[in-house]
Amino acid sequence: MYDFREWRHVFKLDPAREIADSDLEAICESGTDAVIVGGTDGVTLEGVLDLMARVRRFTVPCVLEVSNLESVTPGFDLYFVPSILNSKDPKWINGLHFEAVKEYGDIMDWDEFAMEAYVILNEECKAAKLTQAETRLSEEDIKAYAMMAEKMFGMPIFYLEYSGAFGNPEMVSAAKKGLEKAVLFYGGGIKTKEQAAEMARHADVIVVGNSIYEDIDKALETVKAVKVEK
Ligand SMILES: CC(C)=CCC/C(C)=C/CC/C(C)=C/CC/C(C)=C/CC/C(C)=C/CC/C(C)=C/CC/C(C)=C/COP(=O)(O)OP(=O)(O)O
Ligand SMILES: O=P(O)(O)OC[C@@H](O)CO
Ligand SMILES: [Mg+2]
């Protein structure tokens with residue numbers, strides 16, 4: 001099985017957005033540790049299957065970050081499932097998950113499955129609005145969420161999400177202070193190799209998404225900024 005504990009850099013492709021074959025090939029062969037397929041809205045089974053089939057032509061690990069039940073399909077190497085810890089609606093913390101396990105629980109390969117303790121901090125992003133996230137949090141709050149995720153809930157991934165905006169490195173550092181074994185993912189607004197290097201000083205794994213669709217050459221530079229040539 002692929003071990004996300006060894007990862008430093010991942011790209012996130014949005015099933016609701018178009019990407020040319022040439023760009024997709026560059027992303028998959030960039031040296032990134034994995035390609036995550038995920039998004040907030042407009043995520044359909046058709047879109048997920050299209051991306052999965054195209055990414056599967058390359059050797060890079062391919063992960064589905066589940067955003068709705070309708071677009072879940074076999075065929076991915078790993079399945080990451082967000083639980084939005086700072087959501088005001090239990091549906092996004094464990095409600096949808098309960099329904100999903102009732103439907104899929106007996107057929108899931110739990111070895112391919114990892115929960116992501118999400119804390120969303122950009123109040124302007126779609127995911128914060130969709131999940132009614134409480135984004136006014138202190139560094140102490142973030143550290144407590146991280147400790148709770150790992151120590152109380154045993155979650156293997158803690159994901160600090162600024163989706164669409166470059167976040168506060170101090171918040172990333174605060175999350176890291178609350179973790180011992182869980183892997184800290186940071187995603188949000190990384191568009192340059194300098195921003196990638198900065199967040200990689202605090203997070204275990206950095207996630208680059210939107211800049212793929214805005215300036216792919218700069219997005220590709222973020223890989224070398226954190227991945228030491230082997
Ligand atoms: C045989 C078979 C089908 C195998 C698979 C079995 C399997 C793994 C089933 C799933 C079981 C399960 C427990 C599913 C969970 C159910 C579920 C729907 C949970 C809800 C997940 C959740 C909280 C989603 C809401 C938040 C969200 C959408 C987060 C996505 C990450 C994110 C913030 C993306 C950013 O979006 P983006 O599109 O980049 O933003 P812009 O478009 O604005 O740029
Ligand atoms: O799209 P960006 O802002 O790069 O964020 C990446 C990822 O955290 C989105 O879920
Ligand atoms: Mg999207």
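What follows is a walk through the annotated binding-site residues and the surroundings of ligand 1 in this predicted model.

The UniProt record, an unreviewed entry, puts a "binding site" at Lys12, Tyr159, Leu160, Glu161, Tyr162, Ser163, Gly164, Gly189, Gly209 and Asn210. Two of these residues, Lys12 and Gly164, are taken up here in turn.

Lys12 sits in strand E1, which covers residues 9-13. Its relative accessibility is 12%, so Lys12 counts as buried, the limit being under 20%. Beyond its sequence neighbours within four places, Lys12 touches a string of residues, among them Ile36, Gly38, Tyr118, Val207 and Ile212. The contacts of Lys12 also include Tyr159, Glu161 and Gly209, which appear in the UniProt annotation as well. With Glu65 there is a side-chain polar contact of 2.6 Å.

Gly164 belongs to the loop that runs between strand E6 (157-161) and helix H6 (169-177). Gly164 is exposed, because its relative accessible area is 52% and the cut-off is over 50%. Leaving out neighbours within four places in sequence, its contacts are Asn122, Gly188, Gly189 and Asn210.

Then there is the ligand. Around ligand 1 there are 29 residues, and Asp14, Thr40, Glu65, Lys126 and Asn210 come nearest. Oxygen atoms of ligand 1 lie 2.8 Å from an N or O atom in the side chain of Asp14, 2.8 Å from a polar side-chain atom of Thr40 and 3.0 Å from one of Asn210. On its own, ligand 1 has 1,100 Å² of accessible area, and the protein covers 92% of that. Strand E4 (78-84), helix H3 (95-104) and helix H4 (126-131) each give two or more residues to the shell, which divides into 16 nonpolar, 8 polar and 5 charged residues.

Technical notes
Residues are numbered from 1 along each chain as its sequence is written. Chains are lettered from A and ligands numbered from 1 in the order in which they are written. This is a predicted model: local features need pLDDT of at least 70, side-chain atom pairs count only at pLDDT 80 or more; totals for chains, interfaces and linings use all residues. Side-chain values use heavy atoms; hydrogens and water are left out. UniProt positions are given in the numbering used here, feature names are shortened, and annotations may be inferred rather than shown by experiment. Helices (H or I, at least four residues) and strands (E, at least two) are DSSP runs, numbered from the N terminus. Buried means under 20% relative accessible area, exposed over 50%, partly exposed in between (1.4 Å probe, protein chains only). Contact means heavy atoms within 4.5 Å. A polar contact is a pair of N or O atoms within 3.5 Å; within protein, one must be able to donate a hydrogen and the other to accept it, and residues adjacent in sequence count only if both atoms are side-chain atoms. A residue is near a molecule or strand if one of its heavy atoms lies within 4 Å of it. Accessible areas come from the Shrake-Rupley method with a 1.4 Å probe; for residues, only the protein chains shown count as cover. Ala, Val, Leu, Ile, Met, Phe, Trp, Tyr, Cys and Pro count as nonpolar, Asp, Glu, Lys and Arg as charged, and the others, Gly among them, as polar.
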